[in-house]
Amino acid sequence: MPETYRKLVATRLSTDFREAAEIVEEEFPELKPHEVLIRNRYAAVNATDVNISGGRYQPGAKPPIDLGAEAAGVVVETGSAVKHLREGDAVLTSTLGGGYREYNVVRASNAIRVPEATPEALSIMVSGLTASIALDEVGEMSSGETVLVTAAAGGTGQYAVQLAKRAGNHVIGTCSSAEKVELLEDLGCDHPINYAEDDVADVLSERYPSGINLIYEGVGGSLFDVCVDALARYGRLLSIGYVSEYREGAERVTQERIYTSLLPKSASVRGFFLPHYAEHFTEHMNKLMRLQESGAIQVSIDDHVFEGIEQVADAVEYLHSGKSRGKVVVRFPE
Ligand SMILES: NC(=O)c1ccc[n+]([C@@H]2O[C@H](COP(=O)([O-])OP(=O)(O)OC[C@H]3O[C@@H](n4cnc5c(N)ncnc54)[C@H](OP(=O)(O)O)[C@@H]3O)[C@@H](O)[C@H]2O)c1
């Protein structure tokens with residue numbers, strides 16, 4: 001074991017992740033009886049990393065802020081009271097600040113044992129859970145409806161597409177390139193729309209004149225407006241994020257209040273923030289693990305390899321370039 005390890009910390013607040021982040025070396029803490037020490041193998045990269053570095057994720061957050069969240073790793077030491085985990089066990093963790101670091105200490109009860117510490121297992125923790133819980137518990141997803149997913153070829157979008165399809169819906173997905181259209185077709189998306197070529201509002205009004213029943217929306221900006229307009233009678237729009245406005249801040253818009261769009265259609269916009277739904281984690285985690293293990297759901301991991309703490313900022317910028325396909329991860333060398 002080395003004497004120190006490295007982690008990434010926002011030493012100043014900025015939604016420019018690279019500007020905020022600094023590599024810090026730290027000594028290993030003394031393990032408490034119920035804790036485990038984990039060597040991280042993969043860290044998940046999320047759109048919201050820039051909100052965390054900008055101090056917007058948790059109101060009142062002040063630097064230094066440990067960066068990253070979910071990780072897949074291997075237990076290297078257990079506290080004296082830990083019974084259900086052993087050295088060498090592969091685990092997933094999801095704690096704020098627990099991702100972009102070479103080692104992590106968590107309460108053993110917060111480490112979920114998995115067969116292997118893979119990027120595919122890791123992507124369930126936030127990307128998969130968000131799609132599954134939002135669609136089922138908040139979106140009241142049923143079958144035989146038309147479901148629209150934005151950023152459909154992204155980390156969480158790919159789950160939403162497949163879960164909506166498995167539930168027996170007609171699924172539309174927006175994305176920005178021919179390669180992403182290909183991925184969406186592989187995932188069973190009925191109608192990928194490449195918005196770099198086609199106008200989403202036009203396509204929706206021409207092909208779906210009765211509107212969209214359920215929308216999983218994480219892009220924000222003008223695409224959010226298009227989605228609100230496209231809602232069917234009784235339609236539900238899940239607002240899970242607004243990645244297009246994370247770095248520069250949300251645009252101030254002046255238009256009629258949203259009830260003029262919603263009320264005539266008895267439609268609704270429902271915000272969703274994963275940490276508020278902790279009571280559903282275990283059930284949906286188990287479901288997603290089963291679906292992935294059986295091959296019923298495929299998880300696509302972006303093929304760009306980002307290695308080590310030094311390349312985390314590259315990975316975050318890559319995700320925000322809009323070019324990534326599937327889940328972006330950072331790998332920590334063994
Ligand atoms: N509420 C929650 O608890 C929760 C949890 C997880 C994720 N989310 C949200 O889900 C959304 C997706 O997150 P993710 O981590 O899975 O990311 P991601 O989808 O893997 O990557 C972001 C994708 O967004 C699309 N995008 C559209 N306009 C963009 C712009 N101006 N800048 C950057 N990207 C743009 C890009 O795909 P295309 O351009 O091809 O569409 C890009 O690939 C985010 O809004 C995130 O905050 C919310």
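# Reading the pairings, angles and contacts

Q: What makes β9 and β12 a pair of strands in this predicted model?
A: Two strands count as a pair if there are at least two bridges between them. Strand β9 (residues 146-149) and strand β12 (residues 212-217) have three bridges, in the parallel sense. Three satisfies "at least two", so β9 and β12 are a pair. One position to look at is L148, which stands opposite I215 in β12.

Q: Which strands does helix α6 touch where it packs on the sheet, and what angle does its direction make with that of β11?
A: Helix α6 (residues 178-186) touches β10 (170-175) and β11, and its direction makes about 170° with that of β11. An angle over 145 degrees counts as roughly antiparallel, so α6 and β11 are roughly antiparallel.

Q: What is the order of the strands in the open sheet of six strands?
A: The order is β11-β10-β9-β12-β13-β14, and the pairing is parallel. From one strand to the next, the twist averages 15°.

Q: What makes β11 and β14 edge strands?
A: β11 (191-194) and β14 (268-271) each pair on one side only.

Q: How do you know that β1 pairs with β2 and with β4?
A: The count of bridges decides, and at least two are needed. Seven bridges join strand β1 (residues 4-10) to strand β2 (residues 21-27). Two bridges join β1 to strand β4 (residues 65-66). Each count meets the limit, so β1 pairs with β2 and also with β4. Both pairs run antiparallel. V9 stands opposite E22 in β2 and opposite D66 in β4. A10 stands opposite A21 in β2.

Q: Why is one side of β2 and of β4 left without a neighbour in the sheet?
A: Three strands form this open sheet, in the order β2-β1-β4. β2 and β4 are at the edges and have a single partner strand each, so each has one side without a neighbour in the sheet.

Q: Why are α4 and α10 called roughly perpendicular?
A: The axes of helix α4 (residues 124-138) and helix α10 (residues 281-293) cross at roughly 105° and come within 10 Å. Angles of 65 to 115 degrees count as roughly perpendicular. The crossing angle falls in that range, and α4 and α10 are therefore roughly perpendicular to each other.

Q: Which residues of α4 and α10 meet?
A: From α4 they are I124, G128, L129, S132 and I133, and from α10 they are F281, H284, M285, K287, L288, M289 and Q292. By class, this contact has seven nonpolar, four polar and one charged residues. G128 is among the polar ones, because Gly counts as polar.

Q: How is the protein chain divided into domains?
A: The assignment gives domain 1 (4-122 + 301-331) and domain 2 (126-275). Their centres, taken over C-alpha atoms, are separated by 28 Å. Domain 1 puts 15 residues into the contact and domain 2 puts in 13 residues. On the side of domain 1 that touches domain 2, five residues are nonpolar, seven polar and three charged.

Q: How do you know where the ligand shell lies relative to domain 1 and domain 2?
A: Both domains give residues to the shell around the ligand, so the shell lies between them.

Q: Which residues come nearest to the ligand, and which element gives the most to the shell?
A: Of the 30 residues around the ligand, the nearest are G154, G155, G218, G241 and L274. α4 gives the most, with three residues. Each of α4, β10 and α11 (312-320) supplies at least two. By class, the shell has 13 nonpolar, 16 polar and one charged residues.

Q: What makes the peptide bond from P63 to P64 and the phi of A151 stand out?
A: Most residues other than glycine have a negative phi, and most peptide bonds are trans. The bond from P63 to P64 is cis, with omega near 5°. P64 is in the loop between α2 (49-53) and β4. A151 is not a glycine, yet has a positive phi of about 45°. A151 lies in the loop between β9 and α5 (157-166).

Conventions:
Residues are numbered from 1 along each chain as its sequence is written. This is a predicted model: local features need pLDDT of at least 70, side-chain atom pairs count only at pLDDT 80 or more; totals for chains, interfaces and linings use all residues. Helices (H or I, at least four residues) and strands (E, at least two) are DSSP runs, numbered from the N terminus. Axes are lines fitted to C-alpha atoms, for helices over the stretch in contact, and angles run from 0 to 180 degrees between N-to-C directions. Two residues are in contact if their C-beta atoms, placed from the backbone, lie within 7 Å. Angles under 35 degrees count as roughly parallel, over 145 as roughly antiparallel, 65 to 115 as roughly perpendicular and the rest as oblique. A residue is near a molecule or strand if its C-beta atom, placed from the backbone, lies within 6 Å of it. Domain bounds come from an automatic or database domain assignment.
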